[in-house]
Every structure is written in C-alpha cells, then in structure tokens.
Amino acid sequence: MLASARGGLTPEAAIKIAPLPEAAEQGGLLFVDLNGDGHEDLLISNPKSYGVYLFNPVAKANVQWEKGWTQVLREGRAGDAGSLPLLVDAKGENTGVRFEEGALRDAAGAVLMPLAELLRVPGPAPLSPEDSLKTLRVKPGYTIRLVAHEPLVQDPIFVDWDAQGRMWVVEMGDYPFAPGEKTSDGRSGQEKVSPLQDGRIKILEDTDADGDYDRATLFLEGLRHPTGLAFWDGGVFISAIPDILYAKDTDGDSVCDRREAWFTGFTAGNPQHLVNGFAWGLDGWFYGANGDSGGDITCLKTGAKIKLGTHDFSFHPVSGEFRLETGRSQYGKWRDDCGNWFGNNNSTLGWHYHVPMRYLEQHTDRVAKSVRSVLNTDTRVFTISPPVRRFNWAGATHVLTAACSPMPWFDGQLDCLLICEPANHLIRRDVLDYSRFPLISTRHPEDLETEFVASTDHWFRPTMIREGPDGALYIVDMYRLVLEHPEWIPPEMVKGLNLRAGEDRGRVFRVEGPSAREGKHRLLEDLAAAMGSPQRWQRDTAQRQLLESGDRTALPWLLALSQEAAQSHGVRLQAAWTAALLEEAHRPALLDLMRTFHPQVRGVALNAAGSNDVHPAELASWFPEAETPAAAANLPLITRNNPDRMAVVKRYLEQVSKLRGDAVRGEQVYQKACMACHQLNGSGADVGPKLETVAAKPMEQILEAIFDPNKAVEQRHVTTEITQTDGSVLAGLLVAETPGGFSLRLPGGVDVPVPRAKIRTVKTLSRSLMPEGLEAALTAQETADLLARIQSR
C-alpha cells in the first residue's frame, strides 16, 4: 500500500483511474486540485523523488498528452533545486505537511510552498555568455569564440553581412506571441507584457577590428515575427508577416527612414512556421521558404495575385515578379555553389529539391512523383546535455525533432550540409553524395557517434549556422529556455511557464577551422578578387553588387575567371552566371560550362539558366517508372469495424497489459499488418510515421494509434482523395502538387502521379490514411508481440 498524505483521492482509487507516475512507488502522495479545473492533481515527495503532476482529462495522442497525471510541471530527485517539502519520511510515515489555504504548510500551519510556486515549471538556470561558451564542444581542428552577446543582441535568429562587413541581425523578440496573438484555438495568448516583445533589425559593428562586435544600431523595430533579410541596392528585403518589405536608410545614420511592402498576404500563426528567407540565387533572384503556412499573395509592384499553397517561392529584386518554386521548406532554404537547393522541416534532416518548377510548367503533360527527396533517413542525434522532459513529446530524446537552417558548406575537403537542432542543443554535419540521383547524404566520417557542435547548456538554441565573409562559421543562438510554441504545450502547463525566459539574451559564436582566415569583416574592395574567393558570401556579394550597378566593364575579367581551370567549380560558375546576366550573349558559354560540371551541376541549375538539356540519368529520376513495392501485398484484411473505437482501445489495453510479447513473432506481425505503410529500422514503406519514433511512447498511446487512428491526425498525415474523370477514386498522402497534376503516395509506398486532365475533384479529408478496424486482423497476443518488436533495440 502506498503511503499518502492527506488529500481527496486515495492511491488505490487513483490507480483505477489512470496509471501513477513511477515516483509514486516510494509513497508520499497528495491529491489536490491545484488549477481549479475540478480534477484532483498529484503531488509526490518522498526521500527519493518528487513531482507535481496535473491531471489531464482529455488525451491528445499526437503530442503525447495522455489521459491521467501526465502533465509534468516538475519532477526529480529529492534534495535538488526543485524539490518539494517531504510528505513522508524515510520510514514512510506522514510528515504532517498538507495543502491548505493555497499553500503547502507544515504541521503548525506555516507556509512551506505557495500555490504559485507549485504551479511554476522550473528549469535549468541560464548561464553567462562566457560560461555558456565553455559548455560548447567542437571537433578537433576547430576553435569557437564568442563574438556578440546581450545586451548587444537579444533573441537573434538570423544574420547576414553587408558590403561593409557589418553584421545585420534579425531579432524575433515577439516570440512566441506578438502582443494580442493567441493560439489557433484561442486557449492561450499574450497581450503586451514586455518592452522587448517586438521584432527588430539591428546592425552590429566591430569598431576596433578585434573580431568582436562592440556597437549595435537599431535599424528597424515594430516588426511582427521577422524571420530573415537580404541586401539589395543599399537596403534590405525583410520577411515579417504578413509582408515581405523593403527597408532603407537614405541619410546615412543606419536607421531605416524608408519602407514599403512588396508582397503581402503571407499567413500568420505559429512563428516557427512562417514565411522566411532569403537566399541569393545564382540567377539573380531571391529565394524564400514557405514555412508551412502558405498564403494568398498580392504582388504590390505588379498587381499579380498568387496562391502560395504548398510551394516555396522566389522573387526578382528589380521587377517585383514573384514565382512559385518546388517545396515546401519550414525554416531555411539554401543553395550550394552549383545551384542545388536544400530545405527541411523539424523532423526531416534535409530535402534535396531535385525537380525544378519551370520544367514542370513547361511540360504540363508530365507529373513528377515527388519534387523533393529525403537526404538521410538517419534521424539519431547525439545529445550531450542531460535529458529534460519535453512539454509535448516526453519520449523524444536523442531524436531529431527541431531541424532547421540546412546550410551547404565546403569544409576544405568534403561537401557538407550543416543542420541546426535547437531542441537538442546541437549542430549536425552530413556529407553530400553528388554521384546519386537525387542527392543523398550520410553522417560525416568524424561524426559517427558525436555531433559537429553540441552543448550541455539547455538554453543553447542554434537557429542558424552560416559561413561569414572571413570563411569562419557563425552560429546564431537565440538563447531561450522555452523554444516550443504554446499551441503544442498543455494549457495548464503554459500557466506555469515563463514563455519569454531569455528574451533579454542572445549570442553569436564564431567557429574557426581550416577554411577560415584572419581579417576584417569586410568585402575586398577589388570585386574581381571577391569573385575569385573560396567563400560563397564574398562571391554572392560581388555578384549582387555587379548586378545592382549593371557594370559591363567587369565582363572581360569575369569571362577570364570563368575559364581558369585552376579555379573551383563555384568560382567559375558564378563568374559565368554574372557575365550572362550582365550580357545575354554570354549565356551559351555559361550553359557549356555548366554541362562540363555534371553531376555537381544538375537539371535545376540548368533549367534556371534557360536549358532543359537534362542528363538522361537525372531525368529518369524525376519521372521514374511505376513500380509496386513488395510491402503493397501485405495490406491487412479488415472484415469488421467496431464504431466505438475507445471501447476497442480499452479492451486491447486490458488484454495486452497482461500478456508477454515476443519480438521474433512481432516481426512477423509487423510484416503482415504494418510494413505496407510504416518503416521499422529501414524495412517497409515510407507512408506513415516510422515506428522506431514511437517506441518510447506509453502502451496506451501506441494502442490508440493502432486501433483509433483518427483520434489525433497531424496535418501532414491527412488523406487526400482524388476522384478521376472515369469515376475511380484514389486516396493517399499528397506528395507533390505541380502544374501538371498531383502525386499521391498510396499504402505500400507507391507514388501515383495523376494528371490534372484526368481529375474531376480533389478533397482533403480530416482522417488518417491508416484504416480503422485493425482488431479484425490482430489478436491481443499478436498486438503484444508487435509492441515487443517495436520497442526492441
């Protein structure tokens, strides 16, 4: 029998409602309604452990909000900084501590801990900039230093450098809520609560040339969730919902005195899913990422109206033309030296966008099965910080959950892709393989069991890493305690969180390796030398300045540079691109050069240059022959379906919890019932979530996913239903929408392109592609065996 302090429920009665936390095994339980919702919450404090657990009456499986005492405000070992007063002593006897009149009180009635403190969610303390620097681990051969920190920068998420070497910083000080914003269901939000609750652009300068920034100027404030910027003609384009605007300082005081919106209509919402950018394209256009929110865009320069939908985009800085691009990427879409584009989302390490939109617009009779490919399915990360329970995905440890800003980078020997992972406080490094169609990546050979950069500081939140003018890498650290939008945090937990903890902090680090060089943060005055630099920033800035001025006197040296065999692909290509953009007569020479650099230069870049002369092997990868995976034959046969899904889940939970599963038999069950839509350790079809990602979840939640799949469906897993002109119906996951049609992924992993000419209607359904009624195909013992297989290592 569990020892209990005074309270309403007894432990014995509580167990009949829902499982109790592991800490309850040592006794010291007190049930009391802390948040006034009519449900008794749970305090635990004994000589071994403690915890505060709110009761959750409604489950939301996709974010691991399970029914029961599952909203953890705090827990840990007795005696640590967040401990509660003991409710039972070492002998298991009641200490007399009780909850009364809004506080935990001792036997004499003295207040030991008030209600406000019980409802607070404590977290690790922040570190000073210097102490946080000490927690960073980098690879041998690299050094790291602090170059900017608060109060100079606060809430930085993006940086770039102008031609004078000044660092421009995008600060999202209004994260997670701008004043007056609420979650989509209206259950939480914020009014104006802080003078720092504002989106800003700052300019940082290194006035004494010691490598550290020592002066900041506020260029522009009053922005709503700014996400990025790009330089053009003495000003900057800025993404800040609902606009992309152009801002400029016209009197030389480094403060914006002219601003105008160029594009408007980008959808507002979760600031982790907003329009963002920008990356300079070799073709002289700026490229941006959708952010997963879309929008109905009005182009204020041209009057055009364009539905963004599921696409990324580009725009021209002179004409104001706005184009759709194949996508979509969540935060950050970046280019390598040869014109290949990369993006990702929070749970995908990286995508290669291998099919260009212009080609699909020119060949509407062809429908690509997919316009992007996953670079690497290995989503393990090697976190060095002590594990901390996430607010909405408690089982997600050592798993990629917040990937962003995938940045191509040549480390002096290998073509790499750097990926920021702020939830796990690290930066991962992969190596790109250009011999494959589409591209793939693998872990860097030096990072097989470690990460390129990692920190033990829980506040370290890298949102961007990029190469600077000097060839060093710069890490942008937002430095926040909570980097999770309240949309995905239990509402009662939100009340105990300081959502803005760290709003007055922020850091930028410089990582120096073999490719970095000493020198000021400035562009070389000689544009020819800059175009011949191994640093992409130098070449991009030189190309942009030449296109701004239209200086054709640069053509002789640009053409000569493009023909220097000793130069890198990146140098020669960018010189040739610039020459062709300055004078159209040089485009044939550009195309000839691009073809010689295959397979680094691919169809996307050729198409951007005006050619559809795509290598046959690559073109075949855009439109592969239809094939049926073996897993498609293993769809389970469902002969009956109980409409009361909760009753089915409850029945299986009662039965399975009493059985012992066998992983060997479970492999056979997986092949029979699951592999048509789910991968497990590399086997099976990639349609639904990978089963290894759910292995750490509670049994009840996994059973709900199996037997009640429509209880909680993420948007990316909803079903798209297409009725064809012949009356036939296809239902699957939407893989791509292109000018020529749609591509659906069906159970079995089959991607089916459907031309628009053969489509009568398209519907987005609110249900999962996973069928209800799997109880007809799985016995309780088979389910127990399947769970054993999923949870086996």
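Start by selecting Pro-242, which you will find in the loop between β15 and β16 (243-248). The model on your screen is a predicted one, and this proline makes a good first stop. Look at the bond that links Pro-242 to Ile-241: it is a cis peptide bond, with omega at about 5°.

Now step back along the chain to Ala-240, a residue of strand β15. Is Ala-240 buried or exposed? Its relative accessibility is 3%, so Ala-240 counts as buried. Show what surrounds it: leaving aside neighbours within four places in sequence, Ala-240 is in contact with Leu-223, Arg-224, His-225 and Pro-226. If you would like to try a distance in your viewer, go from the C-alpha of Ala-240 to the C-alpha of Thr-348; the two are 25 Å apart in space and 108 residues apart in sequence.

**The aromatic rings**

Stay in β15 and select Phe-237 together with Phe-315. These two rings form an edge-to-face aromatic pair, 5.1 Å from centre to centre and with 70° between the planes. The pair links distant parts of the chain, since Phe-237 belongs to strand β15 (residues 235-240) and Phe-315 to strand β22 (residues 312-315), 78 residues apart. Both rings are out of reach from the outside: Phe-237 is buried at a relative accessible area of 0%, and Phe-315 is buried at 0% as well.

For a second pair, move to Phe-460 and Phe-509. Their planes stand at 65° and their centres 6.3 Å apart; over 60° counts as edge-to-face, so this pair falls in that class. Phe-460 sits in the loop between β32 (453-455) and β33 (462-467), while Phe-509 sits in strand β35 (residues 507-512), so the pair ties together parts that are 49 residues apart in sequence. Phe-460 is buried, with a relative accessible area of 0%, and Phe-509 is buried with a value of 0% too.

Next, go back to Phe-237 and widen the selection. Phe-237 and Phe-315 belong to one aromatic cluster, whose members also include Trp-232, Tyr-246, Trp-262, Trp-280 and Phe-322. Phe-278 is another member of this cluster, and it deserves a click of its own. Phe-278 is placed in strand β18 (residues 276-280), and a cis peptide bond joins it to Gly-277, with omega about 10°. How many aromatic pairs are there? The count comes to 32.

**Charges over rings**

Two arginines come next. Select Arg-372 and Trp-351: the charged end of Arg-372 sits over the ring of Trp-351, 3.5 Å from its centre. Then select Arg-366 and Phe-623, where the arginine lies over the face of the phenylalanine at 4.0 Å from the ring centre.

**A buried valine**

Click on Val-355, in the loop between β26 (348-353) and α4 (357-362). With a relative accessibility of 0%, Val-355 counts as buried. Which residues does Val-355 touch, not counting those up to four places away in sequence? They are Thr-326, Leu-360, Ala-368, Ser-370, Val-371, Val-604 and Trp-622. Pro-438 is 83 residues from Val-355 in sequence, yet the two are 9.3 Å apart in space, C-alpha to C-alpha.

**Helices that pack**

Display helix α9 (residues 569-582) and helix α10 (residues 587-596), whose axes come within 8 Å and cross at roughly 160°. An angle over 145° counts as roughly antiparallel, so that is how α9 and α10 run. Their crossing is left-handed. Among the residues making the contact are Leu-573 and Trp-577 of α9, with Leu-590 and Met-594 of α10.

Now compare helix α13 (residues 645-656) with helix α15 (residues 699-707): they pack at about 135°, with axes 9 Å apart. These two helices are therefore oblique to each other, and α13 passes α15 in a right-handed crossing. The contact includes Tyr-652 and Leu-653 of α13, and Leu-703 and Phe-707 of α15. Leu-703 and Phe-707 are also among the buried residues of α15. What covers those buried residues includes α13 and α16 (780-791).

**Two serines to finish**

Select Ser-254, in the loop between β16 and β17 (258-266). Ser-254 has a positive phi of about 65° although it is not a glycine, and it is buried at 14%. Your last stop is Ser-405 in strand β28 (residues 404-410). Ser-405 also has a positive phi, about 50°, and is buried at a relative accessible area of 2%.

Conventions: Residues numbered from 1 in each chain as written. Predicted model: local features only at pLDDT ≥ 70, side-chain atom pairs only at ≥ 80, totals over all residues. Heavy atoms only, no water. Phe/Tyr/Trp six-rings, centres within 6.5 Å; stacked < 30°, edge-to-face > 60°. Helix = DSSP H or I, 4+ residues; strand = E, 2+ residues; numbered from the N terminus. Buried < 20%, exposed > 50% of the residue type's maximum accessible area, 1.4 Å probe, protein only. Lys NZ or Arg CZ within 6 Å of the ring centre and 35° of its normal. Axes fitted to C-alpha atoms, helices over the stretch in contact; angles between N-to-C directions. Parallel < 35°, antiparallel > 145°, perpendicular 65-115°, else oblique. Left-handed = near helix turned anticlockwise from the far one by under 90°. Contact = heavy atoms within 4.5 Å.
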